[in-house]
Each structure stands twice: as structure tokens, then as C-alpha cells.
Amino acid sequence: MLMQETYTYATHGIPLDLDVYTADDDFPDPSESPVFLYFHPGGLAGGSRACIPPWLVQVCYQRKWPLVSPSYRLLPQTGAKGLLEDAAAAYNFAHTWGASVSGSKRPVIVGGSSAGFFMATLIAYHVKPPPVALLCITGIPSFRHPFFSSSKLITPVPIQNEDIARYLNAPVEVGAVDAYDASTFQIYQVLPTGQKNVEYTRPLGSATVSSDTDAISRGSLYDYWLHQNAYLDLVGDVDPGFEWAKEDRASDRLHNWPFSIFIQGDADTDVSIDVTTHAVECLGPNKAKLCLAQGAPHLFEATSFLEDEPQGMSAVREAVDLLDTHLKSRL
């Protein structure tokens, strides 16, 4: 059956925890069985490590891949280098998971949803050894794309400074979402067979309400900074973009870049599909594949299972098949 354990993987001013999801009989050879390191969505300003797509848990559980989902410090209280520091520490934890037992470090697949994928690309850019693969789930590979300097407004009216002042002035923190929120994963949603538990009923909400259920949530900082063209100022120091991949002098760097699979809906208004297609085109067909979900919005698969048939899930299954094929050639 599926198990969940919580560990503190670093202390960077505050303790940083992560959850590890494994099968209770998970004892494969670490040198052959990768760990999947997943970074949650939330614009680097909200969300929670509990916000994991159920289909991704199924994929990892069925293949006996430990799934690691870390908390990380949020903008703006931490900066670009703080994000990189947290990403690298989480990667080191995943890379060494099980090493004390076997003596062998595990290969790591790194993925993320929305801005969580930016955390994944930080590892590919800055940390060695590189991951064996990247999986982008309606994600943001870079904030250097013109979309993030286009004053894009995705809220009905612009968010005002006073609406988000309490988040800008808050202490350093990690993301937190109420456990009763539909975006959070619960281990009882997956059966010991790895299939969807169709009998699972999420408990009704408690009296404790997190900040992310407010009308203007902490995650709304994404909408605010997007309209203000502020992201590059926040993270540009660690974000080289993807134009480098077109340069002849970068051939070695491109050769070492992990194979990258992108799941993207063409009706995504939060992250333009142009952001994804630009990264795919820069990396080229030998390093990047796009799995396009026709008519699907942002995070269209966030609460879906592999058995579900909402719009776009065929693109998810295509991406999983690509990942399986790639790993067979690598491991």
C-alpha cells in the first residue's frame, strides 16, 4: 500500500520539510529505480507540497519510484538564490534517498507544476549531476520569455498593493493549503493496486481556514507580479532562459541537458503556450518533446487520475509513455 513519511531536508532560516511517498514493499535497486522529485505549483508564492496530481502519485507508485514533494521558501521573503538553495537541497535528499542502505545513489527525475517547474529547471541549470529527465506539467521553464514582460492581466481587475500587502510584509514561510482543499492529495485516494479509490470521499472542511482560501490568496501574488512585469527582477539572477541552447558554443551544455517532456494545454491563460513552445524549440527535438492537450486550461490535470477522461488526459498518458521509453534507454 501507499505510505507517506515526512522529513526535514534542510534548515535555511526555517526548517524545510518534504513528504516521501513509497510503496510499503519498495526495495528495488536504487541504481536502477529513480526517485521522482516534484515541486508544487503556486507562482513561487503559494501552494503546498500536498498539492500533487493523483495521476503522478499513481505513476510513481506503480513503478516503485519514491515520490518526493518538498516545501520551499516563498517569494518575496526569499530571493532567487534562496529558491536555488532550497531546490539543490531537495535534489540532494532525493539523490541520496536509500543510499545509506545500498551505498548507491539514485537517479532523479525532476518535475513540477506551473511555477514549480521553474524550480526543476534551476536544478538542471545549476546542480550536478543533472537529473535523468525533466517533466513539465503546464509549467514555467523560464521567466525570460516575453509573456512575463507583457503586463498580462489575468484577473478581472488589477490587484492593488493594499490587497497583497500582508503577504509582502509576512515573515519567511513555505506554502500551506488547507488539508480539505480538493487540490491536496490524500494517500487513501489510491488503492494498494495503484488504481483510483472510487469510494474515497474527502472529509468536509474544518474550521481552520488557510490564507490560500482568502479572496486574495497568497498565490495571487503570481497574478500581481505577472501584471507588474516583476518576475525577472525577482528571479532573473538564476534564470538564464533558453536562448543559449541555439548557440553553437553551447553544444556541450545542451548535450548534458536532461531529456525534457512538456505537458501543456493550448487554452492556458495563466502561462501562455508560447512559453512552452519557445523552450521546446530552443532545446530541439532530441532534447524536448511537447505533449499538447487540446482545449485544456492551466493545471487541467491537477486533481485527475490515470483512469479519468477529462479533457487533456491523453496528453498526460502520452508524456508518461515518453518518460518510460526514455528511462529504458538510460537505466
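Here are some short exercises with worked solutions on the predicted model above.

**Exercise 1. Work out how the strands of the sheet are ordered, and which of them stand at the edges.**

Start with the order. Reading across the open sheet, the eight strands go β1-β2-β4-β3-β5-β6-β7-β8, and the pairing is mixed. As a reminder, strands of a sheet pair through backbone hydrogen bonds, either parallel or antiparallel.

Next, look at the two ends. β1 (2-12) and β8 (288-293) each have a single partner strand, so one side of each has no neighbour in the sheet. Going from one strand to the next, the twist averages 20°.

**Exercise 2. Find the partners of β5 and say in which sense they pair.**

Take β3 first. Residues 35-39 make up β3 and residues 108-113 make up β5, and the two pair in the parallel sense over five bridges. To pin that down in your viewer, pick Phe36: its bridge partner in β5 is Ile109.

Now go to β6. The pairing of β5 with β6 is parallel too, over five bridges. Here Gly111 is a handy marker, with Leu135 as its bridge partner in β6.

**Exercise 3. Decide whether β6 is buried or exposed, and sort its side chains by direction.**

Count the buried residues: five of the five in β6 qualify, so the strand is largely enclosed by the rest of the structure.

Then sort by direction. In a regular strand the side chains alternate between the two faces of the sheet. In β6, Ala133, Leu135 and Ile137 point one way, while Leu134 and Cys136 point the other way. Both sets are buried.

**Exercise 4. Describe how α2 and α4 sit on the sheet and against each other.**

Place α2 first. This helix (residues 80-95) lies across β1, β2 (14-23), β3, β4 (67-70) and β5, and runs at about 135° to β1.

Place α4 next. Helix α4 (residues 116-126) packs on the sheet as well, touching β3, β5, β6 (133-137) and β7 (259-265), and its direction makes about 150° with that of β5.

Now compare the two helices. Their axes come within 9 Å and cross at roughly 80°. Angles of 65 to 115 degrees count as roughly perpendicular, and α2 and α4 are therefore roughly perpendicular to each other.

Finally, list who touches whom. α2 contributes Leu83, Leu84, Ala87 and Tyr91, and α4 contributes Met119, Leu122, Ile123 and His126. By class, that makes seven nonpolar residues, one polar and no charged ones.

**Exercise 5. Explain why Cys136 is in no disulfide, and check Cys60 along the way.**

Begin with the whole structure: a search finds zero disulfides. For Cys60, the nearest cysteine sulfur is that of Cys136, 16 Å away. Cys60 is also buried, at 2% relative accessible area.

For Cys136, the closest cysteine sulfur is in Cys291, at 11 Å, which is too far for a bond. The cut-off for a disulfide is 2.5 Å between the sulfur atoms. Cys136 counts as buried as well, at 0% relative accessibility.

**Exercise 6. Locate the unusual backbone spots in the loops.**

First, the background: most residues other than glycine have a negative phi, and most peptide bonds are trans.

Check the prolines. The bond from Leu75 to Pro76 is cis, with omega near 0°, and Pro76 sits in the loop between β4 and α2. The bond from Lys128 to Pro129 is cis, with omega near -5°, and Pro129 is in the loop between α4 and β6.

Then check phi. Ser114 is not a glycine, yet has a positive phi of about 55°. You'll find Ser114 in the loop between β5 and α4, buried at 7% relative accessible area. Leu299, also not a glycine, has a positive phi of about 50°. Leu299 lies in the loop between β8 and α10 (313-330) and counts as partly exposed, at 25% relative accessibility.

**Exercise 7. Describe the surroundings of Pro240.**

Locate Pro240 in the loop between α7 (231-235) and α8 (251-256). At 32% relative accessibility, Pro240 counts as partly exposed.

Leaving aside neighbours within four places in sequence, Pro240 is in contact with Tyr125, Arg144 and Arg253. Ser142 is 98 residues away from Pro240 in sequence, but the C-alpha to C-alpha distance is 7.8 Å.

How values were computed. Residues are numbered from 1 along each chain as its sequence is written. This is a predicted model: local features need pLDDT of at least 70, side-chain atom pairs count only at pLDDT 80 or more; totals for chains, interfaces and linings use all residues. Side-chain values use heavy atoms; hydrogens and water are left out. Buried means under 20% relative accessible area, exposed over 50%, partly exposed in between (1.4 Å probe, protein chains only). Two strands pair if DSSP finds at least two bridges between them. Helices (H or I, at least four residues) and strands (E, at least two) are DSSP runs, numbered from the N terminus. Axes are lines fitted to C-alpha atoms, for helices over the stretch in contact, and angles run from 0 to 180 degrees between N-to-C directions. Contact means heavy atoms within 4.5 Å. Angles under 35 degrees count as roughly parallel, over 145 as roughly antiparallel, 65 to 115 as roughly perpendicular and the rest as oblique. Ala, Val, Leu, Ile, Met, Phe, Trp, Tyr, Cys and Pro count as nonpolar, Asp, Glu, Lys and Arg as charged, and the others, Gly among them, as polar.
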